[in-house]
Amino acid sequence: MAKSHTKINMRLSQTGLGTIRVNNLDKSYPAQDTLLQTNQLVQYGTGIYAYNNVPLRLRQNVESVIRGVLDKYGCIEILLPTLQPTKLWEESGRLAKYIEEDVIMPVETDNGKFVMAPTAEEAVTEFVRGRITSYKNLPVILYQIGEKYRNEIRTRGYLLRGKTFPMMDAYSFDLNAEESAKAYQNIRKAYLEIFEILGLKAQPVAADSGAMGGNLSEEFMLESPIGEDTILVDKETGIAFNTEILEREDADEYLREKYGIKDKNNVEAKKSIELGHIFQLGTKYTESMNAKYIDQEGNEQLLYMGCYGIGVSRTVATIYEENVVTGKNGEAKGISLPVSVAPYLLQIIPKEEKREIAQNLYNELMEANVPVILDDRTQGMLGAKIKDCLMLGTPYMLVIGDKQEEGKFEVENSKTGEKQIYTKEELIREFVNINNSRKYVKLSVPKKLVFSFII
């Protein structure tokens with residue numbers, strides 16, 4: 001069995017976590033309200049949040065999936081500055097518009113004028129300009145995962161729309177429009193794989209390119225009653241598009257030519273969450289910022305560009321809200337995160353006299369690189385500790401109480417309530433297999449991850 005040099009250490013006694021009580025949960029966003037009430041999320045201002053350990057590790061696992069898939073599809077990770085000189089935005093011609101719409105966050109210093117990056121088309125064009133200079137260097141797709149800043153007037157849904165948020169943004173550079181279209185389809189396929197692994201049924205939907213520009217774009221939408229977007233689904237083909245498309249002067253022609261939708265009125269409206277967006281940009285930015293390459297004949301040509309984004313924090317929020325555990329009357333009882341990205345797979349909850357058994361099992365699971373939580377708190381009733389497991393979103397729980405047979409362990413699925421009895425060896429083997437089956441999620445994290453709740 002392969003072992004790493006670092007072990008996951010999560011003992012609830014080290015977190016300061018007392019018995020969790022939540023009251024009057026937000027009916028629209030019960031999972032995120034649970035995070036806020038239990039201080040797993042901490043709000044610093046409107047649309048500005050800090051992450052405690054469990055949601056942070058969920059975010060890191062989501063990022064690991066994104067990285068793993070994009071790397072498989074030939075993308076290269078870089079990191080661009082979030083503090084960008086305004087001159088880059090003046091070159092592209094977008095600065096005045098973003099200032100007028102009060103989207104961008106300007107920063108003035110004695111050493112110049114800057115903006116906090118709401119996106120990075122200008123920065124990445126500067127990154128490749130003068131560096132990717134030959135057809136021999138192409139094609140290339142660069143991506144990063146980093147913080148973005150937008151002065152959202154109408155923040156909503158906790159992490160669904162904030163002023164500062166982590167985003168994956170990728171950028172393709174190609175020889176011509178045909179090659180750029182191939183890159184677009186490549187990333188489109190990668191997105192479908194990413195969301196499938198995350199357990200989110202996001203579908204590509206025809207969208208307007210808006211301020212980003214370009215001649216083709218699609219949003220990856222997840223149908224949800226809490227979504228702020230409305231998509232229209234063609235009853236004949238099942239193909240969906242954003243209502244913004246109807247604002248185009250050529251809406252009928254665009255839908256017919258691009259998506260084969262013959263009648264824009266033969267549609268059904270559905271609420272959705274936008275998790276990602278992909279664009280074919282053409283030469284919009286490379287022309288305004290003079291980013292060129294030398295072709296095989298020795299002539300200068302403009303680079304063809306595409307851009308692609310996934311809202312990481314929005315995806316994290318959606319995973320939480322899509323995995324709420326409800327009671328008999330439909331009331332929210334807690335959260336059970338999907339195994340594919342759950343920070344911890346199993347939570348061990350022993351009675352006081354069973355602590356030694358629990359400790360030994362915890363140690364062996366740690367040695368096997370299984371991410372596990374041990375509830376070793378000496379205070380609190382067993383029933384309250386079981387409820388706490390749902391507050392943290394752990395997908396499986398193991399209660400070691402008086403009814404436990406010697407050498408047997410009953411594991412419960414937090415979401416379905418289904419139970420399975422294992423010997424210790426069977427249990428360890430089962431959770432090693434579960435952990436190893438997870439795609440792109442790291443098997444270990446830095447030692448002694450500790451978080452604090454203020455209840």
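**Exercise 1. Burial across the chain**

Work out what share of the residues in this predicted model counts as buried.

*Solution.* Start with the chain length, which is 455 residues. Of these, 53% count as buried. Now turn to the surface: the protein exposes about 21,200 Å², and carbon and sulfur atoms supply 46% of that area.

**Exercise 2. Overall build**

Find how many helices and strands the protein has, and decide how its radius of gyration fits the globule rule.

*Solution.* First, the secondary structure: there are 12 helices and 23 strands. Next, compare two values: the radius of gyration is 25 Å, and the globule rule gives 23 Å for 455 residues. These are close, so the protein is as compact as a globular protein of that length. For its extent in space, the C-alpha trace spans about 80 × 50 × 45 Å along the principal axes. Finally, look at the contacts with a separation of 6 or more: 73% of them join residues 24 or more positions apart.

**Exercise 3. A helix under cover**

Determine how many residues of helix α9 are buried, and name some of them.

*Solution.* Locate α9 at residues 312–322. Of its 11 residues, 10 are buried, so the helix is mostly covered. Among the buried ones are Val 312, Ala 317 and Ile 319. The list also includes residues with charged side chains, Arg 314 and Glu 321.

**Exercise 4. A residue in a loop**

Is Ile 153 buried or exposed?

*Solution.* Begin with its place: Ile 153 sits in the loop that links β7 (140–149) to β8 (164–174). Its relative accessible area is 73%. The cut-off for exposed is over 50%, so Ile 153 is exposed. One more step takes us to Val 103, which is 50 residues away along the chain; the C-alpha atoms of Val 103 and Ile 153 are separated by 8.4 Å.

**Exercise 5. Looking for disulfides**

How many disulfides does the whole structure have, and why does Cys 75 not bond to Cys 307?

*Solution.* The search of the whole structure finds 0 disulfides. Take Cys 75 as a case: the closest cysteine sulfur belongs to Cys 307, 13 Å away. A disulfide needs the two sulfur atoms within 2.5 Å, so this pair is too far apart for a bond. As for cover, Cys 75 is buried, at 7% relative accessibility. Cys 389 is buried too, with a relative accessible area of 0%.

**Exercise 6. Counting charges**

How many positive and negative side chains are there?

*Solution.* Count each set: 56 are positive and 65 are negative. Then compare where the sets are centred: the two centres lie 6 Å apart.

Note on methods:
Residues numbered from 1 in each chain as written. Predicted model: local features only at pLDDT ≥ 70, side-chain atom pairs only at ≥ 80, totals over all residues. Heavy atoms only, no water. Helix = DSSP H or I, 4+ residues; strand = E, 2+ residues; numbered from the N terminus. Rg over C-alpha atoms; globule rule 2.2 N^0.38 Å. Buried < 20%, exposed > 50% of the residue type's maximum accessible area, 1.4 Å probe, protein only. Contact = heavy atoms within 4.5 Å. Areas by Shrake-Rupley, 256 points an atom, 1.4 Å probe, with all protein chains shown as cover. Charge placed at Lys NZ, Arg CZ, Asp CG, Glu CD.
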